[in-house]
Amino acid sequence: MKNYDQATKLWNDALNQSPSDEDVALIRNNMAACHMVKKRWNSAVQECTLALTKQPDYVKALMRRGKAYESMKDYLKAAGDYEKAARLGNADGRQGLARVRKAAERGAASGGNSKQQAEMANSMKSLLDQF
């Protein structure tokens, strides 16, 4: 069995070694991966955001944060990360956009917050049409 809490602690210890910005981004993204496995979505978002402050075009952190947002059903924020990853050449970003668009459309069809969900789905459709 893997101990993700211990791994997070060790990654945190590595941050105290004055790593380069690139290494900080890598460490934060790895910590986010540990949080994702434990379904700690907010912590994963926080770590990815910290990684992205060091490397704004870090595709793995964008994709991971997008997935965390998607898991929290924050489809608009997920779409923003997936869209940026797609613009940086990541094919999975386009797939993520399509996935959250479908989820938003399902939410609108089920009558949740239908006006907001429909607007979100339309926004994501516009993003997808740009590719």
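This report describes a predicted model of one protein, from its overall fold to single residues.

## Overall make-up

The protein has seven helices and zero strands. Read from start to end, its pattern is α-α-α-α-α-α-α.

Of the 131 residues in the protein, 37% are buried. The accessible surface is about 7600 Å². Carbon and sulfur atoms account for 48% of that surface. Contacts also reach along the chain. Among those between residues at least 6 apart in sequence, 47% join residues at least 24 apart.

## The nonpolar core

In soluble globular proteins, nonpolar side chains tend to be buried together. The largest nonpolar core here has 24 residues. Within this core, Y58, Y82 and V100 have the most contacts. Five helices each supply at least two of the core residues: helix 2 (21-37), helix 3 (41-54), helix 4 (59-71), helix 5 (75-87) and helix 6 (91-109). Helix 4 gives the most, with six residues.

What does Y58 touch, once residues up to four places away in sequence are set aside? Its partners are A25, L26, N29, A51 and L52.

## Helix 5

Helix 5 runs over residues 75-87. Its 13 residues should span 18 Å at 1.5 Å a residue. The end C-alpha atoms of helix 5 are 18 Å apart, so the model agrees with the expected span. The buried residues in helix 5 are Y75, A78, A79, D81, Y82, E83, A85 and A86. One of them, Y82, also has a place among the residues with the most contacts inside the largest nonpolar core.

D81 is a charged residue in helix 5. Is D81 buried or exposed? D81 has a relative accessibility of 5%, under the 20% limit, so it counts as buried. Leaving aside neighbours within four places in sequence, D81 is in contact with L62, R65, G66 and Y69. Those four positions fall within the 59-71 range of helix 4. After helix 5 comes G89, which has a positive phi near 100°.

## Two loop lysines with positive phi

Most residues other than glycine have a negative phi. Two lysines in this model depart from that pattern. K39 has a positive phi of about 60°, although it is not a glycine. K39 sits in the loop between helix 2 and helix 3. Its relative accessibility is 60%, over the 50% limit, so K39 counts as exposed.

K73 is the other case. Its phi is positive too, near 65°, and K73 is not a glycine. K73 lies in the loop between helix 4 and helix 5. With a relative accessible area of 60%, K73 is exposed.

## Salt bridges

How many salt bridges does the model hold? The count comes to eleven. One of them joins K54 to D21, with the closest N and O atoms 3.6 Å apart. This pair links distant parts of the chain, since K54 is in helix 3, D21 is in helix 2, and 33 residues separate them. K54 has a relative accessibility of 37%, so it counts as partly exposed. D21 is partly exposed as well, at 44%.

R99 and E70 also meet through their side chains, at 2.7 Å from N to O. Here again distant parts of the chain are linked: R99 is in helix 6, E70 is in helix 4, and they are 29 residues apart. R99 is partly exposed, with a relative accessibility of 37%. E70 is buried, because its relative accessible area is 11% and the limit is 20%.

K77 and D74 form another salt bridge, with their closest N and O atoms 3.8 Å apart. K77 is partly exposed at 46% relative accessibility. D74 is partly exposed too, with a relative accessible area of 26%. Elsewhere, D5, K38 and R40 are linked in a network of salt bridges.

Notes:
Residues are numbered from 1 along each chain as its sequence is written. This is a predicted model: local features need pLDDT of at least 70, side-chain atom pairs count only at pLDDT 80 or more; totals for chains, interfaces and linings use all residues. Side-chain values use heavy atoms; hydrogens and water are left out. A nonpolar core is a set of buried Ala, Val, Leu, Ile, Met, Phe, Trp, Tyr and Cys residues joined through side-chain atoms within 4.5 Å. Buried means under 20% relative accessible area, exposed over 50%, partly exposed in between (1.4 Å probe, protein chains only). Contact means heavy atoms within 4.5 Å. The expected span of a helix is 1.5 Å times one less than its number of residues. A salt bridge is a side-chain nitrogen of Lys or Arg within 4 Å of a carboxyl oxygen of Asp or Glu. Accessible areas come from the Shrake-Rupley method with a 1.4 Å probe; for residues, only the protein chains shown count as cover.
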